[in-house]
Amino acid sequence: MDNLDLNRLPKHIAIIMDGNGRWAQEKGQDRLYGHFHGVQSVRNIVEAASEIGIKYLTLYAFSTENWDRPAAEVAGLMSLFVDTIAKEVPDLHKNNIKLHFIGNLSLLPDDAKAALQNATQTTANNTGLELIIALSYSSRWELIQAIKNIAEKVQTGQMQPEDIQEATLEAALSTSAFPDPELMIRTSGEYRISNFLLYQLAYAELYFTETRWPDFRKKDLIEAILDFQSRERRFGKTSLQVQTNE
Ligand code: IPE
Ligand code: IPE
Ligand code: MG
């Protein structure tokens with residue numbers, strides 16, 4: 001932690017929390033046992049991000065494609081979400097954390113919808129870490145929603161096709177209130193994006209670790225941030241331009 005340059009922290013970190021199932025199976029346990037332990041990592045990482053001074057943290061908790069998993073696993077995950085949110089909201093609120101949920105939330109069971117709504121409302125005025133949970137989320141779904149929204153504005157004459165800019169699309173995304181992630185972490189040794197924030201990750205630094213999500217802790221987060229701080233972000237320019245600030 002002492003080695004971190006606090007002036008060069010990523011404002012927004014996004015994490016694909018992967019490897020719960022394999023972590024459990026390696027211990028001869030049911031996949032749900034892995035999801036259950038993954039919650040400890042979520043608690044630890046949210047606390048750590050908040051302590052370090054990260055402003056935005058997005059966690060990929062459940063994808064649109066995850067609905068196609070065996071019914072028992074999906075049901076187990078849904079009840080884990082409901083229980084965890086209910087249990088954690090008082091502490092999150094006490095720590096001044098503001099919760100957001102992005103994704104196709106209409107697909108969630110009613111008790112989950114109610115829990116999310118309660119969590120969002122309770123923490124709405126908090127000013128600390130903004131914790132964004134991607135739930136029933138996929139980037140392609142999000143982009144289609146945004147395009148429909150823009151098409152409707154064009155159809156009703158509120159906008160002309162030539163008015164469409166990057167900012168138009170960005171405003172129509174579910175992440176419109178947040179800056180793009182600067183660092184994206186994926187655990188468990190998978191090297192893919194799996195339909196997560198495809199547009200928003202355009203210039204994110206990507207960090208992959210073999211560590212399975214249930215084993216991921218504050219020290220692993222700090223390692224990822226240190227790695228981020230060792231990189232030169234060029235945004236299409238040359239190294240010389242970046243170094244001389246031209
Ligand atoms: C991530 O762990 C959690 C969710 C996708 C809900 P996985 O369940 O994908 O674990 P592995 O990848 O099968 O090990
Ligand atoms: C991505 O993990 C989704 C979440 C972590 C919520 P998956 O385990 O579903 O991704 P794939 O299937 O390996 O690409
Ligand atoms: Mg997985």
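**Figure 1. Surroundings of ligand 2.** An oxygen atom of ligand 2 sits 2.9 Å from an N or O atom in the side chain of N66. The structure shown is a predicted model. For the side chain of R186, the distance from one of its N or O atoms to an oxygen atom of ligand 2 is 3.3 Å. For the side chain of S194, the corresponding distance to an oxygen atom of ligand 2 is 2.6 Å. Ligand 2 on its own exposes 390 Å², and the protein buries 78% of that area. The residues around ligand 2 are I16, M17, D18, Y60, A61, F62, S63, N66, R69, R186, R192 and S194.

**Figure 2. Surroundings of ligand 1.** Around ligand 1 stand M17, D18, G19, N20, G21, R22, R31, H35, A61, N66, R69 and L77. Three arginine side chains are described here by their distances to oxygen atoms of the ligand. A polar side-chain atom of R22 is 2.7 Å from an oxygen atom of ligand 1. In R31, a polar side-chain atom lies 2.9 Å from an oxygen atom of ligand 1. In R69, a polar side-chain atom lies 2.7 Å from an oxygen atom of ligand 1. Taken alone, ligand 1 exposes 380 Å², of which the protein buries 88%. N66 and R69 are listed around ligand 1, and N66 and R69 are also listed around ligand 2.

**Figure 3. Strand β4 and the strands paired with it.** Strand β4 covers residues 130–137. This strand is mostly covered, with eight of its eight residues buried. Strand β2 (residues 56–63) pairs with β4 in the parallel sense over seven bridges. Within β4, Y137 is the residue that stands opposite S63. S63 is also among the residues around ligand 2. Strand β3 (residues 98–102) pairs with β4 as well, in the parallel sense and over five bridges. F101 has I133 of β4 as its bridge partner.

**Figure 4. S138, in the loop that follows β4.** S138 belongs to the loop between β4 (130–137) and α5 (139–155). Its relative accessible area is 3%, so S138 is buried, the cut-off being under 20%. When neighbours within four places in sequence are left aside, S138 is in contact with Y60, T64, E65 and N195. Of these contacts, Y60 is also one of the residues around ligand 2.

**Figure 5. L116 in helix α4.** L116 is part of helix α4, which comprises residues 110–122. With a relative accessibility of 5%, L116 counts as buried because buried means under 20%. Apart from neighbours within four places in sequence, L116 is in contact with I85, F101, L105, L108 and L135. One of these contacts, F101, is the bridge partner of I133 in β4. L116 and K27 are 89 residues apart along the chain, and their C-alpha atoms are separated by 32 Å.

**Figure 6. V82 in helix α3.** V82 is found in helix α3, residues 71–94. The relative accessibility of V82 is 15%, which is under 20%, and therefore V82 counts as buried. Not counting residues up to four places away in sequence, V82 touches D111 and A112. V82 and Y203 lie 121 residues apart along the chain, with 34 Å between their C-alpha atoms.

**Figure 7. Strands β5 and β6.** Strands β5 and β6 run parallel and are joined by four bridges. The bridge partner of I185 in β6 is Y207. In a regular strand the side chains alternate between the two faces of the sheet. Strand β6 has E205 and Y207 on its covered face and L206 and F208 on its uncovered face.

**Figure 8. Helix α7 and its packing.** Helix α7 consists of 12 residues, 218–229. At 1.5 Å a residue, these should span 16 Å, and the end C-alpha atoms are 16 Å apart, which agrees. The buried residues of α7 are D220, L221, I222, A224, I225, F228 and Q229. These buried residues pack against two strands from Figure 7, β5 (183–186) and β6 (205–208), and also against β1 (12–16) and α2 (31–52).

Key. Residues numbered from 1 in each chain as written. Chains lettered and ligands numbered in written order. Predicted model: local features only at pLDDT ≥ 70, side-chain atom pairs only at ≥ 80, totals over all residues. Heavy atoms only, no water. Expected span 1.5 Å × (residues − 1). Buried < 20%, exposed > 50% of the residue type's maximum accessible area, 1.4 Å probe, protein only. Contact = heavy atoms within 4.5 Å. Near = heavy atom within 4 Å. Polar contact = N/O pair within 3.5 Å; in protein donor to acceptor, adjacent residues only side chain to side chain. Areas by Shrake-Rupley, 256 points an atom, 1.4 Å probe, with all protein chains shown as cover. Pairing = 2+ DSSP bridges.
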